[in-house]
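Got your viewer open? Load the model and let's take a walk through it.

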Amino acid sequence: MTLVKSMTGYGRCVETVGGREFTVELRSVNNRYLDCTVKLPRALSFAEDAVKQAVKNAISRGKVDVFISMRSEGGSDTKVTLNAPLVEGYLAAMKEMAERYGVRDDISVSTLARMQDVFTVEREEVDEEQLLRDLMTVVEGAIAGYDAMRAAEGAALEKDLRSRGETILELVAQVEAGSGETVAAYRTRLENKLREVLANTAIDESRILTEAAIFADKVAVDEETVRLRSHLNQMNQMLTSGGAIGRKLDFLLQEMNRESNTIGSKCSDVRLARIVVDIKAELEKIREQTQNIE
């Protein structure tokens with residue numbers, strides 16, 4: 001079963017592989033598209049594309065930052081050796097200088113260390129393919145932890161959206177019931193008004209029916225409520241299917257807002273208008289939560 005996942009998350013993995021300790025951290029925040037930034041030491045610069053691809057395989061949306069560090073156990077991959085022939089040459093030249101010009105012989109290690117090319121720095125040959133495999137093992141571990149956190153947050157978001165959807169359905173049922181009561185009350189008010197105006201004159205029943213029908217058509221919200229129910233059902237189906245549904249939910253929410261606005265424009269009754277406000281408030285909360293879904 002594919003899970004609903006949050007766009008925000010954090011994952012960290014520290015592991016020693018092949019004599020090197022790798023630390024990989026991932027953190028992400030909401031973003032419309034996938035935007036991945038990888039920060040890693042120069043010695044691992046060749047691995048940037050592979051890390052980005054691993055992130056892309058696991059994540060569809062979000063601003064993702066990946067931080068990687070590496071430490072070699074038992075020393076460095078760099079070997080420093082003394083250039084003995086050059087040092088001997090420097091020493092001989094300095095002693096000659098002291099003797100020839102009668103200056104104090106104050107040669108020290110620190111003096112010689114500042115001489116050019118006294119030390120030779122060599123980097124050990126590194127198998128980049130093996131190093132990449134070792135690194136990606138730790139990257140996958142960090143992604144797994146990161147994904148678990150996103151799934152946990154996604155489950156909480158899913159539960160909240162389903163709960164709010166149920167609340168909206170209950171409010172819609174109240175609007176549907178109240179809409180019918182409003183039409184009946186309008187007909188009663190119309191009859192009473194006509195009786196008052198016409199006194200003993202016979203009331204044209206067909207005229208009352210016509211006026212009531214016109215009013216009922218103006219305030220009828222059954223089409224909108226049916227569509228709103230359908231949209232809520234579609235939302236639940238998306239949540240069940242899981243995956244990267246954030247954008248789809250965002251588009252669906254626009255349709256639900258459109259239906260609620262139409263219902264609000266048709267409800268002249270104060271009590272129903274308040275219920276519509278509650279529906280809009282729940283939809284706004286759903287919108288806020290949807291922004292966090294991948």
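We'll stop at a sheet, then at a pair of helices.

Before you click, note that this is a predicted model: local features need pLDDT of at least 70, side-chain atom pairs count only at pLDDT 80 or more, and totals for chains, interfaces and linings use all residues. Residues are numbered from 1 along each chain as its sequence is written, and side-chain values use heavy atoms, with hydrogens and water left out.

**Stop one: the sheet.** Select strands S1 (9-17) and S3 (34-39), the edges of an open sheet. Its 4 strands come in the order S1-S2-S4-S3, with mixed pairing. (Strands are DSSP runs of E, at least two residues; helices are runs of H or I, at least four; both are numbered from the N terminus. Strands pair if DSSP finds at least two bridges between them.) S1 and S3 each have a single partner strand, so one side of each has no neighbour in the sheet.

Now add S2 (residues 20-29): 9 bridges join S2 to S1, and the two run antiparallel. Zoom in on Arg-12, whose bridge partner in S2 is Glu-25.

**Stop two: the helix pair.** Select H7 (residues 246-266) and H8 (residues 270-290), whose axes are 10 Å apart and pack at about 170 degrees. (Axes are lines fitted to C-alpha atoms, for helices over the stretch in contact; angles run from 0 to 180 degrees between N-to-C directions.) H7 and H8 are therefore roughly antiparallel, a label for angles over 145 degrees.

Where do H7 and H8 meet? Show Leu-253 and Met-256, among others in H7, and Leu-283 and Ile-286, among others in H8. Contact means heavy atoms within 4.5 Å.

Methods:
Parallel < 35°, antiparallel > 145°, perpendicular 65-115°, else oblique.
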